[in-house]
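Work through these exercises with the sequence and the model side by side. Try each task before you read its solution.

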Amino acid sequence: MERELRFYFGDQAHRAFLGHGFFDFSATPSPLHYHHYSEIHILLSGRGNYTINGVSYALQSGQALLIPAHLYHQTHGFIGDSRHIAFQITLPIPALCVKTLPAGMTGHFFQVIERYLAARKSEELSAFISLLATELVEPARDWSLPIQDRTHLIHEFFANHYHQPITLSDLAQVLGLSTKQAGRLLMHYTGRTFREELTRCRIEAARRMMAETNAPPLTVIAERVGYQSYSGFWKAFRGEK
């Protein structure tokens, strides 16, 4: 189930997003994408490799990578026995940066997360995210609530899965709606059908890849953004303004 966690930064309430890729332990490559909210990556062990706005970054054990909203990025993979977590927060991050956390803080954070996942009691995790935000970005009442920001859910669904053979039924499952309701909601928020929005996301990602200094061949780009044939990709590319 999608969840959001409320935490405090100073006297202002903010949200951290948990579940369905918003709170993610995976250490696997990701497609080129961006988020509406700031994102924090933390590495407990191993090493992670990223490309952000065409620049390569390496994240080491015990470090945090802070990515501002709307910044295109891609995870290329992890080296060694990596333990990694990524989550989003509504607290604005002013600039891209890599920071080393105080000794022991990363391990403690992972323990707090594991206790939250086991018991679904949000108080400790919310307080720790407040502490983490204070440490990284520049203090804790809290509770978890179902995510109501459906524009966020829709964007994250396409940002994380545009390269896969997704359908309207998959989006409906994430939103907790019928396929007809999901289609209407998508049209309401974007003005596009599912196929139109999926095409837009794929072609936008393809254009970003094509603009890279060492851009791969178009056939490779077509495959990376989800097209099974170059002809299908080229037809969509020509039709997308």
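The exercises below go from helices to cores and then to single residues.

This is a predicted model, in which local features need pLDDT of at least 70, side-chain atom pairs count only at pLDDT 80 or more, and totals for chains, interfaces and linings use all residues. Residues are numbered from 1 along each chain as its sequence is written, and side-chain values use heavy atoms, with hydrogens and water left out.

**Exercise 1. Check the length of helix α1, then find which of its residues are buried.**

Step 1. Helices (H or I, at least four residues) and strands (E, at least two) are DSSP runs, numbered from the N terminus. Helix α1 covers residues 105-119, which is 15 residues.

Step 2. The expected span is 1.5 Å times one less than the number of residues. For α1 that gives 21 Å, and its end C-alpha atoms are 21 Å apart, so the two agree.

Step 3. Now apply the burial rule: buried means under 20% relative accessible area, exposed over 50%, and partly exposed in between (1.4 Å probe, protein chains only). In α1, the buried residues are M105, T106, F109, F110, V112, I113 and Y116.

Step 4. Look down the axis of α1: the buried residues fall within an arc of 160°, so they line one face of the helix. The arc is that of the directions from the helix axis to the C-beta atoms. An α-helix has 3.6 residues a turn, so residues three or four places apart point the same way.

Step 5. Look just past the end of α1. There, R120 takes a positive phi of about 55°.

**Exercise 2. Repeat the check for helix α2, and place L131.**

Step 1. Helix α2 holds residues 123-137, 15 in number. From first C-alpha to last, α2 reaches 21 Å, close to the 21 Å expected.

Step 2. List the buried residues of α2: L125, S126, F128, I129, S130, L132, A133 and L136.

Step 3. L131 also lies in α2. With 47% relative accessibility, L131 counts as partly exposed.

Step 4. Compare sequence with space. L131 and Y8 are 123 residues apart in sequence, and their C-alpha atoms are 9.0 Å apart.

**Exercise 3. Which residues of the largest nonpolar core touch the most other members?**

Step 1. A nonpolar core is a set of buried Ala, Val, Leu, Ile, Met, Phe, Trp, Tyr and Cys residues joined through side-chain atoms within 4.5 Å. The largest one has 30 residues.

Step 2. F158, Y162, L171, F194, V225 and F233 touch the most other members.

Step 3. Trace the sources. At least two residues each come from α3 (150-161), α4 (168-175), α5 (179-190), α6 (194-210), α7 (218-224) and α8 (230-239). The largest share, 7 residues, comes from α6.

Step 4. Zoom in on F194. Contact means heavy atoms within 4.5 Å. Leaving aside neighbours within four places in sequence, F194 is in contact with F157, F158, I166, T167, L168, L171 and L186.

Step 5. A second, separate core has 27 residues, including F9, A64, V112 and I113.

**Exercise 4. Describe the surroundings of T199 and A205 in helix α6.**

Step 1. T199 counts as buried, at 18% relative accessibility. A205 is buried too, at 3%.

Step 2. Skip residues up to four places away in sequence. T199 then touches Y227, A236 and E240, while A205 touches L32, Y162 and V225.

Step 3. Find the backbone partner of T199. Its side chain reaches the backbone oxygen of R195 at 2.9 Å.

**Exercise 5. What joins the side chains of T51 and H76?**

Step 1. T51 is found in strand β4 (residues 38-52). At 14% relative accessibility, T51 is buried.

Step 2. Not counting residues up to four places away in sequence, T51 touches S56, Y72, H73, Q74 and H76. The C-alpha atoms of T51 and Q74 are separated by 5.3 Å, though their positions lie 23 residues apart along the chain.

Step 3. A polar contact of 2.5 Å joins the T51 and H76 side chains. Such a contact is a pair of N or O atoms within 3.5 Å; within protein, one must be able to donate a hydrogen and the other to accept it, and residues adjacent in sequence count only if both atoms are side-chain atoms.
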